[in-house]
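Please open the structure in a viewer and keep the selection panel at hand. The tour below proceeds by selections, each followed by a description of what is found there.

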Amino acid sequence: MKTIIEPFRIKSVEPLRRTTIEERQALLEKAGYNLFLLDAADILIDLLTDSGTSAMSTEQWAAMMRGDESYAGSASYFRLKRVVEDLTGFRHVIPTHQGRAAERILFTVMCRPGHIVPNNTHFDTTRANVEFTGARAEDLVCAAASDTQSRAPFKGDMDVAALERLIETEGHDKIPLVMITVTNNSGGGQPVSMANIEAASAVAHRHGIPFYLDACRFAENAYLIQQREPGYAGCSPKQIAQKMFSLADGCTFSAKKDAFANIGGLLCTNDDRLAAQETNLLILTEGFPTYGGLAGRDLDAIAVGLEEVLHPDYLEYRIVSTAYLGRHIADRGVPIVEPPGGHAIYIDAGRMLPHIPRHEFPAQSLAVELYRHAGIRSVEIGSVMFGEHARNELLRLAIPRRVYTQSHIDYVVEAILEVNARKDSLRGYAIVEEPPFLRHFSCRFRPL
Ligand SMILES: Cc1ncc(COP(=O)(O)O)c(C=O)c1O
C-alpha cells in the first residue's frame, strides 16, 4: 500500500469550537494582535507549538497510573533512568520541569560573564538563559541555511570551520561548552547530519571543550539521518539516536517534544563534578534529584514516550505528514523553508510578503491573518522573536504529535492558499508595548 496512515486510532476526543471572522477580529484587538494572548478556547486549529501538545498513548496513560509519588527514590525515576541510560549512555540523568529549567541549571553552572556559547541556532529560551548569565550566545549555522529555497538535506548543520575560528580567536577558555540543537528549531526545523555532529564534537574535544546536544527532537533528527544521510539506511532510528548521544558529553532535553509528554525535561551529563553542582541547584528550584520538577507519573509518561517515539511507523507517519502540509502549500506558490523538516512547516513570510519590511514584522502579519481568516494559530519566528538576531522572517506551523488528522491539515492548506491569493492586501504591524525578556510572549501590536 502506498497510503501512509496515522498509525493509531482515536479513543478519546476533544471538541473544537468554531468562531466567526467578526468574533476573531474582536479577539485579536483585545489580545493586542499577539496570538500568545488569545484564549486557547478561541482557536480552531492550534499550530502554535508542538511542545507539550502531544496526544499521549494508552500505554503512557497506563504508565501514569503506576507513577510512584515517593519524595525520594521513586520507582518512576529508576524506570525513566533505565530508558534514558539505554538511549543516551549518560551517567547522570537529572529530571527538570521542562527544557528551559535544564538550560538554566546547565548555564548557571558552566557560564560566566565574558563566556561565549556557540550553537547551530539557539532556541529563544536557550539564548535567553545563556545571556542571563552574562555570556554571549553565538549562532554558527551553516551557509546553506540562509537560502530558504535550497533543498540541501542538512541545513541545520553547524558551520564547523566557523566554530574552529571562534575557538582560535577567542581562546578555548572562553568557551565553556559547544552545543548543537537537533533538529534546528529556530532555523526552520532542519536536521543536523551525523557527519556534522561528529565534526563539531571532534573540534570541541580537540580543544578540551565539552560538547552538548539540545536534544528536544532527537528522534525526528535520527529518522531524517536514516532517510537522507548515506550509510544510515540500514540502521534503526534508535541506533542512530544512540550514536548521536555517544558523541556528546551531555544534553538538555524538553520531554514536551520527542517524548510525547505534556510536561518535563532532562539534564544529562557524564561529568560527576558538574552533576553534583547541577543537583545542588536543582534542589533549590526544581526538587529532590529523583523527581526534579515533576510528579512520579510524569516521569513514567516520559519513559514510555521515549520508547514510542523511536518506532519506525510513527516516525515515517510524522515526517511524511509534515511534508504533506509543506508540499501542498509550497507546490502552489507559498514559499516555505525547504525541504520540510520534522515538526513544523515554516513559511518564508519575508519572501511571501516583500511589501512588508522586516521592522513591520511580515510573519506576524501573516500569523494574524491566518487566525482572522480561519481560526488557525501559528507563531512568528523572526524579528519579533529574535530582534536583530533574526536571520529570516518565518511563520512556523508546528504540528502537535498524534493530534490532528489529514482533514485538519487539508483545512489548514485551504486557508493558507486563500490568504496567499490576497497576500498583497496584508499590512505590517508596530510593537506598542514590550517586556524586557522574550518579548514575543507578551508584547502588543498595532496594525499599520
Ligand atoms: C530547540 C529547543 N530547545 C529548548 C526548548 C525549551 O524547552 P521547554 O519549552 O520545555 O522549556 C525548546 C522548546 O520549544 C526548543 O524547541
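How do the residues of the lining of the second largest pocket divide into nonpolar, polar and charged? The model on display is predicted, and this pocket is the first stop. Its lining divides into eight nonpolar, two polar and six charged residues.

**The second largest pocket**

Begin with the space itself, which amounts to about 340 Å³. Then select Arg127, Glu131, Met385, Phe386 and Leu438; of the 16 residues that line the second largest pocket, these are the closest to its centre. Next, colour helix 5 and helix 15 (383–386), the elements that give two or more residues to this lining. Helix 5 supplies the largest share, four residues.

**The ligand**

Keep helix 5, residues 124–132, in view, and add helix 4, residues 99–110. Each of these two helices supplies at least two residues of the shell around the ligand. Helix 4 gives the most to that shell, with three residues.

Now select the ligand and the residues around it, 16 in number. Gly99, Arg100, Asp214, Ser254 and Lys257 come nearest. By class, the shell consists of two nonpolar, eight polar and six charged residues.

Three side chains merit individual selection. At Arg100, a polar side-chain atom lies 2.7 Å from an oxygen atom of the ligand. At Lys257, an N or O atom of the side chain is 2.8 Å from a ligand oxygen atom. At Gln98, the corresponding distance, from a side-chain N or O atom to an oxygen atom of the ligand, is 2.9 Å. Taken alone, the ligand exposes 390 Å², and the protein buries 97% of that.

To which cavity does the space taken by the ligand correspond? That space is the second largest cavity.

**The largest pocket**

The last stop is the largest pocket, which holds about 1,400 Å³ of space. Select Ser12, Glu14, Ala55, Arg402 and Val403, which are the closest to its centre among the 37 residues that line it. Then display strand 1 (45–46), helix 2 (58–65) and helix 12 (312–330), the elements that give two or more residues to the lining.

Which of the elements gives the most to the lining of the largest pocket? Helix 2 does, with three residues. To finish, colour the lining by class: 18 residues are nonpolar, ten are polar and nine are charged.

Technical notes:
Residues are numbered from 1 along each chain as its sequence is written. This is a predicted model: local features need pLDDT of at least 70, side-chain atom pairs count only at pLDDT 80 or more; totals for chains, interfaces and linings use all residues. Side-chain values use heavy atoms; hydrogens and water are left out. A residue is near a molecule or strand if one of its heavy atoms lies within 4 Å of it. A polar contact is a pair of N or O atoms within 3.5 Å; within protein, one must be able to donate a hydrogen and the other to accept it, and residues adjacent in sequence count only if both atoms are side-chain atoms. Accessible areas come from the Shrake-Rupley method with a 1.4 Å probe; for residues, only the protein chains shown count as cover. On a 1 Å grid over the protein atoms alone, a cavity is a set of points where a 1.4 Å probe fits but cannot get out, and a pocket is an open set with protein on both sides within 12 Å along at least five of seven lines; lining residues have an atom within 4 Å of a point. A molecule sits in a cavity or pocket if more than half of its atoms lie within 2 Å of its grid points. Ala, Val, Leu, Ile, Met, Phe, Trp, Tyr, Cys and Pro count as nonpolar, Asp, Glu, Lys and Arg as charged, and the others, Gly among them, as polar. Grid points are joined across faces, edges and corners, and a volume is the space filled by probe spheres set on the points.
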